[in-house]
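Trainee: Could you take me through one part of this model closely? I would like to follow a single region and its surroundings in one go.

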Amino acid sequence: MSEVMMPISADALHYRTLLFELSKPVIIPADKFNEIWPYVDTVYRTLRGEVLQCNGTLRVQKYECRLRKSIKSSTAKVATEDKIIKRRHSSIRDKHLCHVQIKVSKPVDGTAVTIERLDSHIHTHDIEESFRIKKPSILQGYLKSEAIKNYSAAQIYHAVRGAGTHEGSERLGELGGSSLKRQDIVNLKRGMKSSDLRTLPHGQRFQDDVLQACSLLTERGWLFEELQIVDSKKEERWGLVFAHPTRLLVLQSRGWFTQFDATHKLNRWGHNMFSFLVRNEHNVWIPTAHLVVERENGEIIAEGLRHIKQWCSGMSKF
């Protein structure tokens with residue numbers, strides 16, 4: 001991937017400082033607010049829901065500094081005699097480290113937005129401390145745009161730092177990424193939904209590739225089935241199982257699979273392909289069916305095996 005400097009609005013840093021300090025109310029056009037807010041949004045978190053005021057002509061949303069932490073943290077589950085609870089190594093942030101609360105007022109007609117403090121409290125920390133807890137949306141959006149190109153976390157980290165140049169590190173700091181670590185990118189990629197990772201930068205859709213693959217399999221006389229399930233962890237799983245009828249005859253004659261193995265990062269989407277093999281009467285390994293999956297998961301593999309079994313007419317030894 002190319003080490004291109006991350007873009008930044010001309011006056012973004014100026015407005016970010018204004019919205020962080022808020023020494024006096026700030027009034028800006030709605031389009032400018034929408035442009036600048038992602039640079040500072042993670043400094044704050046919402047307080048309750050948005051309300052309508054002034055006879056429904058004004059939308060008001062209140063926020064608090066993220067370090068105020070008014071919401072109580074969740075507690076770990078207690079292990080029972082018959083169940084062991086695996087806990088992550090985590091820590092709970094101290095609360096009430098900052099007391100700033102603000103209010104954002106947006107007229108429904110889309111005119112100027114007003115941002116102001118609710119009281120006289122000022123931040124007890126600098127803006128980098130807020131970004132250390134949660135990176136701003138503008139930076140997260142850029143990292144996600146690179147993640148969908150299937151680059152590794154190390155490649156993305158190297159690129160956003162400008163390949164180690166001073167200018168690249170400065171730009172990353174300006175976007176709130178001074179404390180960015182490679183593990184942060186790993187966690188971001190892990191948290192992205194499968195559908196988020198299926199669009200390439202030139203606009204070609206994942207489903208287009210699937211349709212093209214299915215068309216090729218049909219043309220060459222292969223059996224195939226696209227799989228989409230929700231596993232026990234409530235996560236969506238995708239797969240494509242396919243086999244040629246002549247290879248399935250070998251499976252029918254032998255009665256069971258002898259071995260299966262996976263080829264990792266088979267395509268540009270980083271998918272794995274499982275190949276199911278049997279030995280024929282000459283002791284030669286024959287791949288009889290294949291299963292392409294997003295990630296290794298027992299439930300999607302089991303679903304693929306069920307389809308192979310159906311194709312083989314439910315052989316009793318299968």
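**Around the loop before helix 10**

Mentor: Let's start with a side-chain contact: the side chain of N297 reaches the backbone nitrogen of E299 at a distance of 3.0 Å. Please keep in mind that this is a predicted model. N297 sits in the loop that links strand 10 to helix 10. With a relative accessibility of 12%, N297 falls under the 20% cut-off and so counts as buried. Leaving aside residues up to four places away in sequence, N297 touches D231 and R237.

Now step back from the loop into strand 10, which spans residues 285-293. Seven of its nine residues are buried, so strand 10 is largely enclosed by the rest of the structure. Strand 10 belongs to an open sheet of five strands, with antiparallel pairing and the order 6-7-10-9-8. The edges are formed by strand 6 (223-230) and strand 8 (259-263), each of which pairs on one side only. On average, and ignoring direction, neighbouring strands of this sheet are turned by 25° against each other.

Helix 10, residues 298-311, packs on this sheet and touches strand 6, strand 7, strand 9 (272-279) and strand 10. The direction of helix 10 makes about 145° with that of strand 6.

Let's look at the two partners of strand 10 in turn. On one side is strand 7 (residues 236-243), which pairs with strand 10 in the antiparallel sense over four bridges. Within this pairing, F242 stands opposite H290, and L240 has V292 as its bridge partner. On the other side, strand 9 and strand 10 are also antiparallel, and they pair over eight bridges. Here F274 stands opposite L291. Strand 9 and strand 10 form a hairpin with five residues between them, and in its turn N283 takes a positive phi of about 65°.

That phi value invites a look at others elsewhere in the chain. Most residues other than glycine have a negative phi. R48 is not a glycine, yet has a positive phi of about 60°. R48 is placed in strand 2, and its relative accessible area of 65% makes it exposed. N55, likewise not a glycine, also has a positive phi of about 60°. This asparagine lies in the loop between strand 2 and strand 3 (58-65), and N55 is exposed, with a relative accessible area of 83%. L22, just after helix 1, takes a positive phi of about 45°.

Helix 1 (residues 12-21) deserves a moment too: its buried residues are A12, Y15, R16, L19 and F20. Viewed down the helix axis, the buried residues of helix 1 fall within an arc of 135°, so they line one face of the helix. Among the elements that cover them are strand 1 (26-28), helix 2 (30-36), strand 2 (44-53) and strand 5 (113-117), as well as helix 3 (127-133) and helix 6 (166-174).

One last stop is the cysteines. The disulfide count comes to zero. C65 is in no disulfide, and its nearest cysteine sulfur, that of C98, is 3.7 Å away; the cut-off for a disulfide is 2.5 Å. C65 has 0% relative accessibility and therefore counts as buried.

Methods. Residues numbered from 1 in each chain as written. Predicted model: local features only at pLDDT ≥ 70, side-chain atom pairs only at ≥ 80, totals over all residues. Heavy atoms only, no water. Pairing = 2+ DSSP bridges. Helix = DSSP H or I, 4+ residues; strand = E, 2+ residues; numbered from the N terminus. Axes fitted to C-alpha atoms, helices over the stretch in contact; angles between N-to-C directions. Contact = heavy atoms within 4.5 Å. Buried < 20%, exposed > 50% of the residue type's maximum accessible area, 1.4 Å probe, protein only. Arc of directions from axis to C-beta. Polar contact = N/O pair within 3.5 Å; in protein donor to acceptor, adjacent residues only side chain to side chain.
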